[in-house]
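User: I should like to work through part of this model by question and answer. Please begin once the structure is shown.

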Amino acid sequence: MSAGVGIRNYAIVTGAYWAFTLTDGALRMLVLLHFHTLGYSPFQLALLFLLYEVLGVVTNLFGGFLAARIGLKVTLVGGLLLQVGAVLLLSGLSSDWAEPIQVAYVVLAQGVSGVAKDLTKMSAKSAIKVVVPEDRAGALFRWVALLTGSKNALKGAGFFLGGALLSALGFRPALWAMAALLVLAFVGTAASLPADLGRAKARLKIRHLLAKSRAINVLSAARLFLFGARDVWFVVALPVFLYDVLDWSFVEVGTYMAAWVIGYGAVQAVTPRLLAHGPAHNEARPAQLWAFVLAAIPLVIVAALAAGAAPGVTVIAGLGVFGVVFAINSAVHSYLVLAYSSADEVAADVGFYYMANAGGRLAGTLLSGLVYQAAGLVACLITAGAMLVASGLLSLALPDTRQTREREARIV
């Protein structure tokens, strides 16, 4: 693939991912705030996202395998189309229905959205490995960091958009506006990407679903604990804390969540510059170091609160620092999974890795509602610290990426 064609395909994939992410962030904030005002408890709010996360686990496992066989274009546009369906399905919700029916309906719509999200995410991340030349590890790190960072910045903008649309338009019109944006992204992507993008040359067998290298297995386990540690306070606990305890408005909650994710995305995008290194360095080292730095932050916040520090300032500032260090960890992980994968099986490897990511989100989402309802935000932060220590310990077992590149070179 020529450099020009590679850049063109990268731009198309990135644009599709941007459109999806903007609406996904808005949808999450819209659902969370709307149902909180209807009187749903933190644990009930977490249950609304249960199928979203469960199906994310399944989608990543089978979606990556499927993409390797039929191509990334099919899974990418399929994810966009499914999200259109999820948004329109949610817009059909009626307040006249009994509460159990409402909950079941929202859980179903969120489940469709979960499949859509992980098909789109897996496809976009895998495509980078395909369009970047094999011998350009530095370019691979920069491109994946740019895609991931910009995606998270737009997810943050989506949080703000969700809060603002809920205030300005109301629940149903906001969903219709998001569906229109997604249809435009679907049409543009379907008309522009080559049909065989990311399709494996050799036909993968069903055993490739779980038969991964040791490096992919270890990295996936570390990723599970990393994202579980984020979502245990981020998904339900923090927005409810800001709204109930600090008495913030919808727009203020959405704005802070947006600023956090936008800042996190910006740091991800520049992580290759912050961790400047060449092929002679062990590229797994930052994942090993920064995981333990990250683990200390929620525990420091807890200690400050126990010492009598002002809750608002301590939580807001402390989680801002957490976002910076978390972004570095996440960017390094997103690069390593591509560095450890071969171009021919990248979709299957990335799907397996993001299955673990979705598993972490699932655990974190459930714990966020359950732990916050039982013991408050401090307990959520302690849980996050423990999960991050586990992630760091697993990261110590990651091999040097130079070994992977040397092995691929011998195979070629």
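User: Which residue follows α11 with a positive phi, and near what value is that phi?

Analyst: The model is a predicted one. In it, helix α11 covers residues 285–306. The residue that follows α11 with a positive phi is Gly308, and its phi is near 100 degrees.

User: How far apart are the end C-alpha atoms of α11, and what span should its 22 residues have?

Analyst: With 1.5 Å a residue, the 22 residues of α11 should span 32 Å. The separation of the end C-alpha atoms agrees with that expectation, at 33 Å.

User: Against which helices do the buried residues of α11 pack?

Analyst: The buried residues of α11 include Ala291, Leu294, Ile297, Pro298 and Ile301. Phe322 touches Leu294, Ile297 and Pro298, among others. The helices against which the buried residues of α11 pack are α8 (214–234), α12 (311–340) and α14 (377–395).

User: Is Phe292 buried, partly exposed or exposed?

Analyst: Phe292 lies in α11. Its relative accessible area is 32%. Buried would require under 20% and exposed over 50%, so Phe292 falls in between: it is partly exposed.

User: Which residues form a nonpolar patch on the surface with Phe292, and what is their accessible area together?

Analyst: Phe292 is joined in this surface patch by Val389, Leu393 and Leu396. Together, the four have an accessible area of about 340 Å².

User: Which helix gives the largest share of the largest nonpolar core?

Analyst: The largest nonpolar core has 118 residues, and Phe322 is one of those with the most contacts inside it. The largest share of this core is 15 residues, and they come from helix α1 (residues 3–37).

Definitions and conventions: Residues numbered from 1 in each chain as written. Predicted model: local features only at pLDDT ≥ 70, side-chain atom pairs only at ≥ 80, totals over all residues. Heavy atoms only, no water. Patch = residues over 30% accessible without salt bridge, like charges linked within 9 Å, V, L, I, M, F, W, Y side chains within 5 Å. Areas by Shrake-Rupley, 256 points an atom, 1.4 Å probe, with all protein chains shown as cover. Salt bridge = Lys/Arg side-chain N within 4 Å of Asp/Glu carboxyl O. Helix = DSSP H or I, 4+ residues; strand = E, 2+ residues; numbered from the N terminus. Buried < 20%, exposed > 50% of the residue type's maximum accessible area, 1.4 Å probe, protein only. Core = buried A, V, L, I, M, F, W, Y, C linked by side-chain atoms within 4.5 Å. Contact = heavy atoms within 4.5 Å. Expected span 1.5 Å × (residues − 1). Lists of a residue's contacts leave out its neighbours within four places in sequence.
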